[in-house]
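Please open the model in your viewer and keep the sequence panel beside it. The tour below moves from the whole chain to single residues, with a suggestion at each stop for what to select next.

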Amino acid sequence: MPLYVLAAALEIAGCFAVWSWWRGASIVWLIPAAIALAGFAYLLALAPPTHAGRSYAAYGGVYIAASVAWLVLIERTRPDWADLAGAGLALAGAALILWAPRG
(Lines give C-alpha, C1' and ligand atoms only; values in the text may rest on other atoms or scores of the structure.)
Protein backbone atom coordinates (compact mmCIF):
# COMPACT_ATOMS: atom_id res chain seq x y z
CA MET A 1 0.00 0.00 0.00
CA PRO A 2 2.84 2.53 0.63
CA LEU A 3 3.90 2.02 -2.99
CA TYR A 4 0.43 3.05 -4.11
CA VAL A 5 0.46 6.11 -1.84
CA LEU A 6 3.76 7.33 -3.28
CA ALA A 7 2.60 6.61 -6.83
CA ALA A 8 -0.60 8.57 -6.16
CA ALA A 9 1.35 11.54 -4.79
CA LEU A 10 3.51 11.61 -7.93
CA GLU A 11 0.55 11.24 -10.27
CA ILE A 12 -1.44 13.99 -8.57
CA ALA A 13 1.58 16.32 -8.45
CA GLY A 14 2.35 15.68 -12.13
CA CYS A 15 -1.23 16.23 -13.20
CA PHE A 16 -1.45 19.34 -11.03
CA ALA A 17 1.65 20.74 -12.76
CA VAL A 18 0.05 20.15 -16.18
CA TRP A 19 -3.23 21.64 -14.90
CA SER A 20 -1.34 24.72 -13.69
CA TRP A 21 0.45 25.14 -17.02
CA TRP A 22 -2.82 24.73 -18.92
CA ARG A 23 -4.29 27.55 -16.86
CA GLY A 24 -1.49 30.00 -17.57
CA ALA A 25 1.57 28.99 -15.53
CA SER A 26 4.97 28.88 -17.21
CA ILE A 27 5.73 26.07 -19.66
CA VAL A 28 8.56 25.16 -17.27
CA TRP A 29 5.87 23.47 -15.13
CA LEU A 30 5.87 20.68 -17.73
CA ILE A 31 9.36 19.57 -16.66
CA PRO A 32 8.43 18.53 -13.11
CA ALA A 33 5.16 17.22 -14.52
CA ALA A 34 7.00 14.82 -16.83
CA ILE A 35 9.38 13.71 -14.06
CA ALA A 36 6.54 13.12 -11.60
CA LEU A 37 4.40 11.24 -14.11
CA ALA A 38 7.33 9.05 -15.18
CA GLY A 39 7.99 8.28 -11.50
CA PHE A 40 4.33 7.42 -11.02
CA ALA A 41 4.35 5.00 -13.96
CA TYR A 42 7.55 3.35 -12.73
CA LEU A 43 6.23 2.88 -9.20
CA LEU A 44 2.90 1.51 -10.34
CA ALA A 45 4.75 -1.01 -12.50
CA LEU A 46 6.41 -2.30 -9.30
CA ALA A 47 3.06 -3.02 -7.62
CA PRO A 48 2.92 -6.54 -6.20
CA PRO A 49 -0.27 -8.19 -7.59
CA THR A 50 0.39 -10.64 -10.37
CA HIS A 51 -2.32 -9.15 -12.58
CA ALA A 52 -1.91 -5.56 -13.78
CA GLY A 53 -5.66 -4.94 -13.91
CA ARG A 54 -6.10 -5.94 -10.26
CA SER A 55 -3.17 -3.76 -9.27
CA TYR A 56 -4.53 -0.75 -11.16
CA ALA A 57 -8.02 -1.25 -9.74
CA ALA A 58 -6.68 -1.30 -6.18
CA TYR A 59 -4.52 1.72 -6.94
CA GLY A 60 -7.63 3.60 -8.03
CA GLY A 61 -9.00 3.50 -4.50
CA VAL A 62 -5.76 4.84 -3.07
CA TYR A 63 -5.69 7.54 -5.75
CA ILE A 64 -9.16 8.74 -4.74
CA ALA A 65 -8.18 8.98 -1.07
CA ALA A 66 -4.90 10.70 -1.96
CA SER A 67 -6.81 13.23 -4.06
CA VAL A 68 -8.94 14.13 -1.05
CA ALA A 69 -5.74 14.47 1.01
CA TRP A 70 -4.35 16.78 -1.71
CA LEU A 71 -7.53 18.86 -1.41
CA VAL A 72 -6.79 19.34 2.30
CA LEU A 73 -2.99 19.64 2.33
CA ILE A 74 -2.28 21.55 -0.87
CA GLU A 75 -5.49 23.32 -1.79
CA ARG A 76 -6.41 24.06 1.83
CA THR A 77 -10.03 23.06 1.26
CA ARG A 78 -12.06 21.18 3.81
CA PRO A 79 -13.60 17.99 2.40
CA ASP A 80 -17.31 17.46 2.96
CA TRP A 81 -19.03 14.28 4.09
CA ALA A 82 -19.33 12.97 0.54
CA ASP A 83 -15.60 13.44 -0.13
CA LEU A 84 -14.73 11.52 3.02
CA ALA A 85 -17.35 8.81 2.55
CA GLY A 86 -16.34 8.32 -1.08
CA ALA A 87 -12.66 8.04 -0.16
CA GLY A 88 -13.52 5.54 2.56
CA LEU A 89 -15.57 3.42 0.18
CA ALA A 90 -12.80 3.55 -2.42
CA LEU A 91 -10.21 2.41 0.15
CA ALA A 92 -12.51 -0.39 1.27
CA GLY A 93 -12.82 -1.49 -2.34
CA ALA A 94 -9.05 -1.33 -2.81
CA ALA A 95 -8.52 -3.44 0.31
CA LEU A 96 -11.04 -6.00 -0.91
CA ILE A 97 -9.33 -6.23 -4.30
CA LEU A 98 -5.87 -6.56 -2.76
CA TRP A 99 -6.51 -8.87 0.17
CA ALA A 100 -9.60 -10.94 -0.58
CA PRO A 101 -8.95 -14.68 -0.41
CA ARG A 102 -8.84 -16.17 -3.87
CA GLY A 103 -9.49 -19.76 -4.78
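What follows is a walk through a predicted model, beginning with the overall fold and then going to individual sites.

**The whole chain**

Begin with a cartoon view of the complete protein chain, in which you should find four helices and zero strands, arranged along the sequence in the pattern α-α-α-α. If you orient the C-alpha trace along its principal axes, the trace spans about 50 × 35 × 20 Å. Switching to a surface representation, you will be looking at about 6,600 Å² of exposed area, of which carbon and sulfur atoms supply 73%. Of the 103 residues in the chain, 28% are buried. For the contacts between residues at least 6 apart in sequence, 63% join residues that are at least 24 apart. Colouring by charge then brings up 5 positive and 4 negative charges, whose mean positions lie 7 Å apart.

**Helix α1 and the residue Glu11**

Select Glu11, which is found in helix α1, a helix that covers 2-22. Which side chain of opposite charge is nearest to Glu11? The nearest one is Arg23, at 15 Å, and Glu11, although buried, has no salt bridge. Show the surroundings of Glu11 next, and, once its neighbours within four places in sequence are set aside, the residues in contact with Glu11 are Leu37, Phe40, Tyr59 and Tyr63.

**The loop after α1 and a surface patch**

Move along the chain to Val28, in the loop between α1 and α2. Is Val28 buried or exposed? Val28 counts as exposed, because its relative accessibility is 51% and the cut-off for that class is over 50%. Now add Ile27, Ile31 and Ile35 to the selection, since together with Val28 these residues form a nonpolar patch on the surface, with about 420 Å² of accessible area in total.

**Two adjacent stops in helix α2**

Helix α2 covers 30-45, and Ala38 is found in it. Ala38 counts as partly exposed, at 48% relative accessibility. Drawing a distance from its C-alpha atom to that of Leu10 gives 8.6 Å, for two residues that are 28 apart in sequence. Gly39, also in helix α2, is the next selection, and here the relative accessible area is 19%, so that Gly39 is classed as buried, the limit being under 20%. A distance drawn from Gly39 to Thr77, 38 residues away along the chain, comes to 27 Å between the C-alpha atoms.

**The loop between α2 and α3**

Continue to Pro48, which is found in the loop between α2 and α3. Pro48 is exposed, with a relative accessible area of 65%. Its C-alpha atom and that of Ile12 are separated by 21 Å, the two residues being 36 apart along the chain.

**Helix α3 and the residue Val68**

Helix α3 covers 52-73, and the residue to select within it is Val68. Val68 is buried, with a relative accessible area of 14%. Which residues does Val68 touch, not counting those up to four places away in sequence? They are Pro79, Asp83, Leu84 and Ala87, and among these Asp83, Leu84 and Ala87 fall within the range 81-99 given for α4. For a distance along the chain, compare Val68 with Ala58, 10 residues away in sequence and 16 Å away from C-alpha to C-alpha.

**The loop between α3 and α4**

The last stop is Arg76, in the loop between α3 and α4. Arg76 is exposed, with a relative accessible area of 66%. Inspect its backbone as well as its side chain, for the phi of Arg76 is near 55 degrees, a positive value in a residue other than glycine. Most residues other than glycine have a negative phi.

Terms used: Residues are numbered from 1 along each chain as its sequence is written. This is a predicted model: local features need pLDDT of at least 70, side-chain atom pairs count only at pLDDT 80 or more; totals for chains, interfaces and linings use all residues. Side-chain values use heavy atoms; hydrogens and water are left out. Helices (H or I, at least four residues) and strands (E, at least two) are DSSP runs, numbered from the N terminus. Buried means under 20% relative accessible area, exposed over 50%, partly exposed in between (1.4 Å probe, protein chains only). Contact means heavy atoms within 4.5 Å. Accessible areas come from the Shrake-Rupley method with a 1.4 Å probe; for residues, only the protein chains shown count as cover. Lys and Arg count as positive and Asp and Glu as negative; His and the chain ends are not counted. The place of a charge is taken as NZ of Lys, CZ of Arg, CG of Asp or CD of Glu. Patches are made of residues with over 30% relative accessible area and no salt bridge: like charges are joined within 9 Å, nonpolar side chains (Val, Leu, Ile, Met, Phe, Trp, Tyr) within 5 Å. A salt bridge is a side-chain nitrogen of Lys or Arg within 4 Å of a carboxyl oxygen of Asp or Glu.
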